[in-house]
Amino acid sequence: MQDKFLHQNTQENIQSDEQGSMKQERAVARLKLMHAINTSDNEAVQSILNQYNNQNEFIDNLNTPLLYSIDLNNLKAIQILLDKQADVFQSNRYGRTAIWDVVRYDRKEIAKLLFDSLSTEDLQKAQKLTYGPEKDSLMHIAAKYASGGMMQILLRFGFSPNKQNAEGKTPVHYLGYQNDKQKAKVFLRQADKYGIDVTIRDNCGRLPERECFDDVAKMVHRIRKAQILKRRKEFLHQRHMDCLEEQKNRRKSRIDSRAQRAYLENVRLQRGNG
């Protein structure tokens, strides 16, 4: 009985030592990965990831390898990590995610890599994400902090330019946030192509142009007038087409009615002659 107890105790100690050794080995691997990313030794990055598959483990008690690579602007390491299915939605200790980070800090080249790597399902998930008490989408964040180029990238990947946050504001409401005329020009140039609507009011009934400074407000106002005029023309054209269709149906109805009467008269005459 005592031998059995000693054997079991020995086995538990061996397993505990093995687990401790494994944890220590993975900890060393994380440090090596951080050093490889920091020194742009991308062959070492690839080798460590192949061996330990640790692309989503925290490497400095703060960041994931992907966020660490983004901070260092190591595009090659980022691509390697994305190829290894690094999670772009995983947050660091401060709640930052890779997908939020690249938009917030206007990292356009990295944003293209990230969005290109997403499956259709993950891209739809990214389009639905909201942040903060205002429930801002990534397009709202780009409108507040990033450049027109970043907003163009989001448009190309299917992010809505008309999504409203908790205050009812669309990204267009925030175009004047930085009073950047060039940014507004780059974004609003896509109004017809991507259906950017500058006539949407927020929860207080304010139009986007009321939230912008002079130059941007004038630009938004011109587009709003053009959109209203276009919609009115479309409405009048549709009403005209409906009237023509109604007239056509009436004529067809009259012709059918005459043909029916002629047919009945012909039947009556045939019966009379018979």
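This is a short dialogue on reading a few features of a predicted model.

Student: Where should I start with a helix such as α2, and which of its residues are buried?

Tutor: Start with the general idea: an α-helix has 3.6 residues a turn, so residues three or four places apart point the same way. Now the case here. Helix α2 covers residues 42-52, and its buried residues are Asn42, Val45, Ile48, Leu49 and Tyr52. These residues lie on the same side of α2 because they cover an arc of only 120 degrees around the axis.

Student: Which exposed residues does the face of α2 turned away from the buried side carry?

Tutor: That face carries Glu43 and Gln51, both exposed.

Student: What follows α2, and what is the sign of its phi?

Tutor: Again the general idea comes before the case. Most residues other than glycine have a negative phi. Asn53 follows α2, and its phi is positive, near 50 degrees.

Student: Which residue in the loop between α3 and α4 should I look at next?

Tutor: Look at Asn73, which sits in that loop, between α3 (65-71) and α4 (75-83). Asn73 is not a glycine, yet its phi is positive, about 55 degrees. Then go on to Gln85, in the loop between α4 and α5 (98-104). Gln85 is also a residue other than glycine, and its phi is positive, near 65 degrees.

Student: Is Gln85 buried or exposed?

Tutor: Gln85 is exposed, because its relative accessible area is 62% and the cut-off for exposed is over 50%.

Student: How do I read a pair of helices, and at what angle do the axes of α6 and α9 cross?

Tutor: Look at how close the axes come and at the angle between them. The axes of α6 (residues 108-117) and α9 (residues 148-156) come within 10 Å and cross at roughly 10 degrees. Angles under 35 degrees count as roughly parallel, so α6 is roughly parallel to α9.

Student: Which residues make the contact?

Tutor: From α6 they are Lys108, Ala111, Lys112 and Phe115; from α9 they are Gly149, Met150, Ile153, Leu154 and Arg156. By type, the residues of this contact divide into five nonpolar, one polar and three charged.

Student: How many disulfides does a search of the whole structure find?

Tutor: The search finds zero. Two cysteines can still be read for accessibility. Cys204 is exposed, with a relative accessible area of 58%, while Cys243 is partly exposed at 35%.

Student: Where is Ile223 found, and what does Ile223 touch?

Tutor: Ile223 is found in helix α12, residues 214-273. Leaving aside residues up to four places away in sequence, Ile223 touches Leu188, Ala191 and Val198. Ile223 is buried because its relative accessible area is 17%, and buried means under 20%. As for distance, Ile223 and Tyr105 are 118 residues apart in sequence and 28 Å apart in space, C-alpha to C-alpha.

Student: Which loop holds Arg206, and which residues does Arg206 touch?

Tutor: Arg206 is in the loop between α11 (191-194) and α12. Not counting residues up to four places away in sequence, Arg206 touches Lys169, His173, Ile200, Arg201 and Glu211. With 35% relative accessibility, Arg206 counts as partly exposed.

Student: How far apart are Arg206 and Ser47?

Tutor: In sequence, Arg206 and Ser47 are 159 residues apart; in space, they are 55 Å apart, C-alpha to C-alpha.

Key: Residues are numbered from 1 along each chain as its sequence is written. This is a predicted model: local features need pLDDT of at least 70, side-chain atom pairs count only at pLDDT 80 or more; totals for chains, interfaces and linings use all residues. Side-chain values use heavy atoms; hydrogens and water are left out. Buried means under 20% relative accessible area, exposed over 50%, partly exposed in between (1.4 Å probe, protein chains only). Helices (H or I, at least four residues) and strands (E, at least two) are DSSP runs, numbered from the N terminus. The arc is that of the directions from the helix axis to the C-beta atoms. Axes are lines fitted to C-alpha atoms, for helices over the stretch in contact, and angles run from 0 to 180 degrees between N-to-C directions. Angles under 35 degrees count as roughly parallel, over 145 as roughly antiparallel, 65 to 115 as roughly perpendicular and the rest as oblique. Contact means heavy atoms within 4.5 Å. Ala, Val, Leu, Ile, Met, Phe, Trp, Tyr, Cys and Pro count as nonpolar, Asp, Glu, Lys and Arg as charged, and the others, Gly among them, as polar. A disulfide is a pair of cysteine sulfur atoms within 2.5 Å.
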